[in-house]
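Student: Could you walk me through the charged pairs in this protein? I haven't looked at it before.
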Amino acid sequence: MDDAIPAVAAGVPAAIPVAFSFEPFNAATAKFDRWLKRLDISFRIFKVSVEDKRDYLLHYMGSATYDVLCNKLKNDPPHTKTYEEIVALLKTHFSPAPLEILENVKFNSRKQKDNESLSDYIMNLEKMAQTCNFGAHLDSALRNQFVFGIQKQEIQSRLLEVRNLTLARAKEIAFGMEMSLRGTDEMHGAVSQPQVQHIEHGKKKKKKMFRPPTEKQGNTSNSSGPSCYRCGDRNHFANKCKHQNTTCNHCRKKGHLEKVCQSKINAKKEKRMHITSRTCLS
């Protein structure tokens, strides 16, 4: 008598076969190449034979894609074609080869959008560059368009000053400055909110609202277009400014004029806020 005990008899449940299932291709929500790669992965997982791949593809491509295939084949039945022939026909329809010149024009016109972070911006540039055939010049093209398309003039001006700027260094500087500027905006936004003081006179209550007055910061505040942070002039960047070695009359530091000195501007802000607070309490 054979001593081997069947797995079921030994109390171990037999393996339950898993049915093969895959979602149909939808051109509105997926790219055909990526959908096909996922289908190939499923073929390997479920050990679909080479002979059966064509029939699985015809079944799981969906009715809309099947109609496209039939139109491409005209009078030839799809089951008479090989898996490779069907894939080639569908690729020409859903994934046509891009026009290199047009893709380059789109890439060179791409700038950072409103409310788009720099990390998302460079990620979208990298995606667009895949069809531009930059080859060995890919990093240089990405660096140039990244710097050119940045919205914040302060970040752009800083990157233009760096010699031998690499793509990795550009991202490091830009991401750091973006976080710093966002934090500064949040801090100034928190202290510049309107202050409301309720004053009670007998039975009547009066509400007075005090709004801190605004003040222009040299030529760099509330202005559109790039400007030099050393002198405030909008006709050049800081690396071309003649005041790179000029000593500020306020903070005595080199590299900028008194009218755009951040130490002086911040001191005025603090003084103005102090005066406003005293007015509210009086």
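Tutor: We can go through some of the salt bridges one by one, keeping in mind that this is a predicted model.

Student: Okay, how many salt bridges are there?
Tutor: The count comes to 10 salt bridges, and three pairs will do for a start.

Student: What does Arg 110 pair with?
Tutor: Arg 110 forms a salt bridge with Glu 116, and the closest N and O atoms of the two are 2.9 Å apart.

Student: And is Arg 110 buried or exposed?
Tutor: Arg 110 is buried, because its relative accessible area is 12%, which falls under the 20% cut-off. Its partner Glu 116 counts as buried too, with a relative accessibility of 11%.

Student: Switching to helices, where do Arg 182 and Glu 178 lie?
Tutor: Both of them lie in helix H9, which covers residues 167–191, and they are four residues apart, or about one turn of the helix. Their side chains meet in a salt bridge, with an N to O distance of 3.8 Å.

Student: Which of those is buried, then?
Tutor: Glu 178 counts as buried at 15% relative accessibility, whereas Arg 182 is partly exposed, with a relative accessible area of 40%.

Student: One more, what does Lys 81 meet?
Tutor: The side chain of Lys 81 meets that of Asp 76 in a salt bridge, at 3.5 Å from N to O.

Student: Why is Asp 76 called partly exposed?
Tutor: Asp 76 is called that because its relative accessibility is 38%, and partly exposed is the class between under 20% and over 50%.

Notes: Residues are numbered from 1 along each chain as its sequence is written. This is a predicted model: local features need pLDDT of at least 70, side-chain atom pairs count only at pLDDT 80 or more; totals for chains, interfaces and linings use all residues. Side-chain values use heavy atoms; hydrogens and water are left out. A salt bridge is a side-chain nitrogen of Lys or Arg within 4 Å of a carboxyl oxygen of Asp or Glu. Buried means under 20% relative accessible area, exposed over 50%, partly exposed in between (1.4 Å probe, protein chains only). Helices (H or I, at least four residues) and strands (E, at least two) are DSSP runs, numbered from the N terminus.
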